[in-house]
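Biologist: I'm new to this one. Could you show it to me and explain how each label is earned?

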Amino acid sequence: MNKANPMRKIRIEKITLNVGAGKDEDKLKKGLKLLKNITGIEPLKTITHKRIPTWALRPGLAIGCKVTLRGKKAEALLKNLLEAREKMLSAKQFDGQGNFSFGIPEYVDIPQVDYDPEIKVMGLEVAVTLERPGFHISRRKMQKRCIPIRHRISPHEAQEFMREQFGVKIEETQ
């Protein structure tokens with residue numbers, strides 16, 4: 001593999017912050033306020049599409065909220081979010097495409113985020129999507145193509161990217 005090839009360079013496509021509230025409207029309002037405080041962007045409510053009677057869910061019910069960040073703002077926020085995790089990730093948190101996600105049990109662990117008595121103690125989930133130049137071919141409108149296997153991001157490459165770019169320690173699990 002040629003490290004000098006610019007098409008092999010891995011970058012962060014997006015970061016998605018998610019708060020699941022279930023059918024509890026009070027928790028949903030707190031989650032909306034939390035994501036707004038962390039990012040400065042108005043979050044979206046996630047709506048259920050299926051009816052699940054045992055969980056008392058029906059179509060159109062708001063069950064959570066999320067916000068998506070891209071570019072430099074996403075990288076800056078990811079550094080803070082990794083500080084909350086003490087720059088430690090597990091190898092299990094990386095999927096087959098090199099993306100990864102982790103949870104933050106208490107938002108007060110995030111640097112530059114102050115405790116809000118209205119929100120109290122609440123956690124969130126962070127999902128990071130990685131890509132290489134050329135991944136657009138799978139999303140374009142005309143002549144969509146699959147990303148070749150040799151161009152996809154393996155979990156090992158994603159872990160190496162996180163070690164080099166953000167100084168993250170990866171715990172190897174068996």
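Modeller: Gladly; please keep in mind that this is a predicted model.

Biologist: Which residues are linked in a network of salt bridges?

Modeller: The network is made up of R11, E13, R70, E131 and R139. By the rule applied here, the count of salt bridges comes to 13.

Biologist: Why is the contact of R8 with E157 called a salt bridge?

Modeller: The N to O distance between their side chains is 3.3 Å, and the rule asks for a nitrogen of Lys or Arg within 4 Å of a carboxyl oxygen of Asp or Glu, so the pair qualifies. R8 lies in the segment before β1 and E157 in helix α3, so the bridge ties together parts that are 149 residues apart in sequence. R8 and E157 are both buried.

Biologist: What makes D26 and K30 a salt bridge?

Modeller: Their closest N and O atoms are 3.7 Å apart, and the cut-off is 4 Å, so this pair passes too. D26 and K30 both belong to helix α1, 4 residues apart, or about one turn of the helix.

Biologist: How do you know whether D26 is buried, exposed or partly exposed?

Modeller: D26 has a relative accessible area of 46%. Buried means under 20% and exposed means over 50%, so a value in between is called partly exposed.

Biologist: What does the salt bridge of K33 and E118 tie together?

Modeller: K33 lies in helix α1 and E118 in the loop between β5 and β6, so the pair ties together parts that are 85 residues apart in sequence. Their closest N and O atoms are 2.9 Å apart. K33, at 28% relative accessibility, counts as partly exposed, whereas E118, at 54%, is exposed.

Biologist: How do you know that the length of helix α2 agrees with its number of residues?

Modeller: At 1.5 Å a residue, its 14 residues should span 20 Å, and the end C-alpha atoms are 21 Å apart, which agrees. Several residues of α2 are buried, among them L77, L78 and L81.

Biologist: Why is the aromatic pair of F100 and F102 called stacked?

Modeller: The angle between their planes is 15°, and planes under 30 degrees apart count as stacked, so the name fits. Their centres are 6.3 Å apart, and both residues are buried.

Biologist: What makes the pair of F161 and F166 edge-to-face?

Modeller: Their planes are at 80°, and the label applies to angles over 60, so edge-to-face is right. F161 counts as buried at 11% relative accessibility, and F166 counts as buried at 7%.

How values were computed
Residues are numbered from 1 along each chain as its sequence is written. This is a predicted model: local features need pLDDT of at least 70, side-chain atom pairs count only at pLDDT 80 or more; totals for chains, interfaces and linings use all residues. Side-chain values use heavy atoms; hydrogens and water are left out. Helices (H or I, at least four residues) and strands (E, at least two) are DSSP runs, numbered from the N terminus. Buried means under 20% relative accessible area, exposed over 50%, partly exposed in between (1.4 Å probe, protein chains only). The expected span of a helix is 1.5 Å times one less than its number of residues. Rings of Phe, Tyr and Trp (its six-membered ring) pair if their centres lie within 6.5 Å; planes under 30 degrees apart count as stacked, over 60 as edge-to-face and the rest as tilted.
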